[in-house]
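Visitor: Please take a close look at one part of this protein for me. I would like to know where one residue sits and what surrounds it.

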Amino acid sequence: MGYRLRKPQRVTLHSWSFHQLGGFLGYKAARAGVAVIHVDPAFTSQQCSSCGHADRRNRLDQASFSCTSCGFAEHADVNAALNIAARGMAGWAVSHAA
């Protein structure tokens, strides 16, 4: 279900920079004692969260993901979120290595 916003609201939302959002999140996280891990989102929607194979043909359409290597199938957004979570965990492990 989509929401319709008036033009001034759309302009405000779409002109808000991701840099500024990141700053706000970092500030709030630090205040709450929560770590923030920055993850490169490149190709997370094309990479298989099961086997790691990356190919643009893995994306059948906007919502569907099916790995051409191992056959893993999932909603494209769920697959990308799993990849981002895995990269975040890897980044956390590297930043906290002994």
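Guide: Two residues count as being in contact when heavy atoms of theirs lie within 4.5 Å. The model here is a predicted one. The part to look at is N58, which lies in the loop between helix 2 (18–32) and strand 1 (64–66).

With that cut-off, and leaving aside residues up to four places away in sequence, N58 touches Q46, C48, H53, S64, F65, S66, C67 and T68. Is N58 buried or exposed? N58 counts as buried because its relative accessibility is 0%, and the limit for buried is under 20%. Over the protein as a whole, 13% of the 98 residues count as buried.

Two of the residues that N58 touches, C48 and F65, also appear in the list for N79. N79 is part of helix 3 (residues 76–95). N79 is buried too, with a relative accessible area of 0%. Not counting residues up to four places away in sequence, N79 touches T44, S45, Q47, C48, S49, F65, F72 and E74. With S49 there is a polar contact between side chains, at 2.8 Å.

A35 is found in the loop between helix 2 and strand 1, the loop that also holds N58. A35 counts as partly exposed because its relative accessibility is 48%, which falls between the 20% limit for buried and the 50% limit for exposed. From A35 to Q9 the C-alpha to C-alpha distance is 31 Å, with their positions 26 residues apart in sequence.

The setting for these residues is a protein with three helices and two strands, arranged along the sequence as α-α-β-β-α. Its radius of gyration is 17 Å, whereas a compact globule of 98 residues would have one near 13 Å. Along the principal axes, the C-alpha atoms fill a box of roughly 50 × 45 × 20 Å. Among contacts with a separation of 6 or more, 34% join residues 24 or more positions apart.

As for the surface, the protein exposes about 7800 Å², and 60% of that comes from carbon and sulfur atoms. There are 10 positive and 5 negative side chains, and 16 Å separates the centres of the two sets.

To return to the part in question: N58 is a loop residue with 0% relative accessibility, and its contacts include C48 and F65, which N79 of helix 3 touches as well.

Notes: Residues numbered from 1 in each chain as written. Predicted model: local features only at pLDDT ≥ 70, side-chain atom pairs only at ≥ 80, totals over all residues. Heavy atoms only, no water. Helix = DSSP H or I, 4+ residues; strand = E, 2+ residues; numbered from the N terminus. Rg over C-alpha atoms; globule rule 2.2 N^0.38 Å. Buried < 20%, exposed > 50% of the residue type's maximum accessible area, 1.4 Å probe, protein only. Areas by Shrake-Rupley, 256 points an atom, 1.4 Å probe, with all protein chains shown as cover. Lys, Arg positive; Asp, Glu negative; His and termini not counted. Charge placed at Lys NZ, Arg CZ, Asp CG, Glu CD. Polar contact = N/O pair within 3.5 Å; in protein donor to acceptor, adjacent residues only side chain to side chain.
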